[in-house]
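Let's walk through this structure together, one part at a time. Have the sequence and the 3D view ready as you read.

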Amino acid sequence: MEKPLILVTNDDGITAPGLRMLISIMKKIGDVVVVAPDSPQSGMGHAITLDTALFSKKMKIDLDNDDIEEYSCSGTPADCVKLALQELLPKKPDICVSGINHGANSSINVIYSGTMSAAIEAGIEGIPAIGFSLCDYNWDADFSHAQDFIATIVTQALENGIPKRTVLNVNIPKLEKKKIKGIKVCRQAKANWKEKFDKRTNPMGKDYYWLTGEFELLDKGEDTDEWALANGYISVVPTQFDLTAHHVIQELNTWNF
């Protein structure tokens with residue numbers, strides 16, 4: 001049988017260890033093409049490049065991946081997927097996988113995530129897509145315990161298909177493999193960031209700011225991604241990009257417009 005074509009991307013940049021691990025996992029499943037940012041793009045959300053030119057360069061990062069085409073892109077994660085689909089890939093991919101992100105993209109973090117925005121961009125184009133994140137922000141994080149779980153999730157997605165207009169948001173706890181209890185399908189937890197800015201002044205007397213904050217979990221449910229991660233499970237949240245609040249339409253129709 002013909003191997004599936006897998007588009008691999010991320011938001012941490014083409015040299016990120018998480019991406020390199022994801023490539024090694026996907027090589028065992030199908031034919032891989034990599035299109036990833038040439039520099040870190042974390043927190044870019046679904047930004048796209050409109051006012052400057054995009055540049056792409058064919059790369060060879062790992063000698064072990066001689067059979068894999070890799071391209072760096074000067075744009076955002078969403079740009080990478082757009083460019084891949086329109087210019088770089090020989091045909092439409094069977095699946096797009098994004099990650100493995102250095103850091104969690106659970107609950108409200110999905111809104112800001114470049115990792116998930118790349119997956120969502122593929123989903124918008126009708127391509128099954130999954131974003132993978134590890135709950136460890138360290139650049140030298142150990143991704144090895146996630147390999148079998150990621151392979152299982154991608155294989156199941158290829159075999160069963162992902163429902164249209166839906167992408168999967170997968171978060172993996174920072175645990176030894178033997179301590180991971182399994183994979184749990186969840187809903188996104190209600191949470192937000194209690195933010196503030198650390199105001200400072202540079203030697204020239206000009207003010208500048210660093211965004212800081214504390215994560216605030218507002219959800220005590222045991223069916224959420226945050227609960228799953230805290231209790232030793234890998235969370236899988238089906239995520240849609242139709243942002244319509246359908247349950248509010250009836251109420252708004254009572255307004256006197």
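What follows is a tour of helix packing, cysteines and a few unusual backbone spots.

Please keep in mind that this is a predicted model. A good place to begin is helix 1, which covers residues 17–27. Is helix 1 enclosed or open to its surroundings? Of its eleven residues, eight are buried, so helix 1 is largely enclosed by the rest of the structure. The buried ones are Gly-18, Leu-19, Arg-20, Met-21, Leu-22, Ile-23, Ile-25 and Met-26. Their cover includes strand 1 (5–9), strand 2 (31–37), strand 4 (69–73), strand 5 (95–102), strand 6 (129–134) and helix 4.

Helix 4 deserves a look of its own. Two packed helices are described by the angle between their axes and the distance between the axes. For helix 1 and helix 4 (residues 147–160), the angle is about 55° and the axes are 10 Å apart. Helix 1 and helix 4 are therefore oblique to each other, and helix 1 passes helix 4 in a right-handed crossing. On the helix 1 side, Met-21, Leu-22, Ile-25 and Met-26 make the contact, and they meet Gln-147, Ile-150, Ala-151 and Val-154 of helix 4. Sorted by class, this contact of helix 1 with helix 4 has seven nonpolar residues, one polar residue and no charged residues. A general point helps when you look at such a contact: an α-helix has 3.6 residues a turn, so residues three or four places apart point the same way.

Now turn to the other pair, helix 2 (residues 77–88) and helix 3 (residues 114–124), which pack at about 30° with their axes 7 Å apart. Helix 2 and helix 3 are therefore roughly parallel to each other, and their crossing is right-handed. Helix 2 brings Pro-77, Ala-78, Val-81 and Lys-82 to the contact, while helix 3 brings Gly-114, Ala-118, Glu-121 and Ala-122. By class, the contact of helix 2 with helix 3 has five nonpolar residues, one polar residue and two charged residues.

If you work with cysteines, you may ask how many disulfides the structure holds. There are zero. Cys-73 is in no disulfide, and the nearest cysteine sulfur, belonging to Cys-80, is 4.0 Å away. Cys-73 counts as buried because its relative accessibility is 0%. Cys-186 is in no disulfide either, and here the nearest cysteine sulfur, that of Cys-135, is 12 Å away. With a relative accessible area of 8%, Cys-186 is buried.

The backbone has some spots worth a visit. Most residues other than glycine have a negative phi, and most peptide bonds are trans. Which peptide bond is cis? The bond from Gly-99 to Ile-100 is, with omega near -10°, and Ile-100 lies in strand 5. Ser-107, not a glycine, has a positive phi of about 45°. You will find Ser-107 in the loop between strand 5 and helix 3, and at 1% relative accessibility it counts as buried. Arg-165 also has a positive phi, near 60°, in a residue other than glycine. Arg-165 sits in the loop between helix 4 and strand 7 (166–172), and with a relative accessible area of 54% it is exposed.

Our last stop is Glu-2, in the segment before strand 1. Glu-2 is exposed, with a relative accessible area of 65%. Its C-alpha atom is separated by 9.3 Å from that of Asp-31, although the two are 29 residues apart along the chain.

Technical notes. Residues are numbered from 1 along each chain as its sequence is written. This is a predicted model: local features need pLDDT of at least 70, side-chain atom pairs count only at pLDDT 80 or more; totals for chains, interfaces and linings use all residues. Side-chain values use heavy atoms; hydrogens and water are left out. Axes are lines fitted to C-alpha atoms, for helices over the stretch in contact, and angles run from 0 to 180 degrees between N-to-C directions. Helices (H or I, at least four residues) and strands (E, at least two) are DSSP runs, numbered from the N terminus. Angles under 35 degrees count as roughly parallel, over 145 as roughly antiparallel, 65 to 115 as roughly perpendicular and the rest as oblique. A crossing is left-handed if the near helix is turned anticlockwise from the far one by less than a right angle, and right-handed if clockwise. Contact means heavy atoms within 4.5 Å. Ala, Val, Leu, Ile, Met, Phe, Trp, Tyr, Cys and Pro count as nonpolar, Asp, Glu, Lys and Arg as charged, and the others, Gly among them, as polar. A disulfide is a pair of cysteine sulfur atoms within 2.5 Å. Buried means under 20% relative accessible area, exposed over 50%, partly exposed in between (1.4 Å probe, protein chains only).
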